Amino acid sequence: MGGRVWFEPYVGFRQVRTEAPQSTLDRARAAAIANRWPQAMELFTAAEAEAPLAASDLSILGEAAWWTGQLGAAISARERAYSAHLAAGDLHRAAAAALAVANDHVHRLESALASGWVRRASRLL
């Protein structure tokens, strides 16, 4: 079975099948792989209405929100990704998500919030 390997921001390398995606979530992931961020944002939002997103999908949703200029939505998705990774015991990915949230707060000139998220990340590593 063929596949495409790609780098998911703040998470790492993933392999995704190259067959035509069937589910809303599969189409959302395919849109993200192709950097079609508005479509990815729309599809991830629809997929989340169908079922809760996995931590890695929440990270991608945060990236899609960031690239579409929705910084508040990016922060929300990345905070949820942090919590999901932490609940799963994946401390490295939780720390990466925390650093992404910190970076988003830096873009909003919210240095106190950014510092708090950096401290969260450092406690996990």
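Let me start at Leu109, which sits just after helix 5 and takes a positive phi of about 60 degrees; helices here are DSSP runs of H or I with at least four residues, and strands are runs of E with at least two, numbered from the N terminus. Please keep in mind that this is a predicted model, in which local features need pLDDT of at least 70 and side-chain atom pairs count only at pLDDT 80 or more, while totals for chains, interfaces and linings use all residues. Residues are numbered from 1 along each chain as its sequence is written, and side-chain values use heavy atoms, with hydrogens and water left out.

Helix 5 itself has 17 residues and reaches 24 Å from its first C-alpha to its last, close to the 24 Å expected at 1.5 Å a residue, where the expected span is 1.5 Å times one less than the number of residues. Its buried residues, meaning those under 20% relative accessible area with a 1.4 Å probe and protein chains only, are Ala94, Ala95, Ala96, Ala97, Ala98, Ala100, Val101, Ala102, Asp104 and His105. What covers them includes helix 3, helix 4 and helix 6, with contact taken as heavy atoms within 4.5 Å.

One residue that touches helix 5 is Tyr82, whose partners, leaving aside residues up to four places away in sequence, are Ala94, Ala97, Ala98, Trp117, Arg120 and Leu124. Tyr82 and Trp117 also belong to the largest nonpolar core, which has 29 residues, and they are listed with Ala32, Ala40, Phe44, Leu53 and Leu61 as those with the most contacts inside it. Helix 1 (24-33), helix 2 (37-50), helix 3 (55-67), helix 4 (71-87), helix 5 (91-107) and helix 6 (111-124) each supply at least two residues of this core; by definition, such a core is a set of buried Ala, Val, Leu, Ile, Met, Phe, Trp, Tyr and Cys residues joined through side-chain atoms within 4.5 Å.

Turning to helix 1, is Thr24 buried or exposed? Thr24 counts as buried because its relative accessibility is 12%. Its side chain makes a polar contact with the side chain of Glu50 at 2.9 Å, a polar contact being a pair of N or O atoms within 3.5 Å, of which, within protein, one must be able to donate a hydrogen and the other to accept it, and residues adjacent in sequence count only if both atoms are side-chain atoms.

For the chain as a whole, the secondary structure comes to 6 helices and 2 strands, in the order β-β-α-α-α-α-α-α along the sequence, and buried residues make up 39% of the 125 residues.

Conventions:
Buried < 20%, exposed > 50% of the residue type's maximum accessible area, 1.4 Å probe, protein only.
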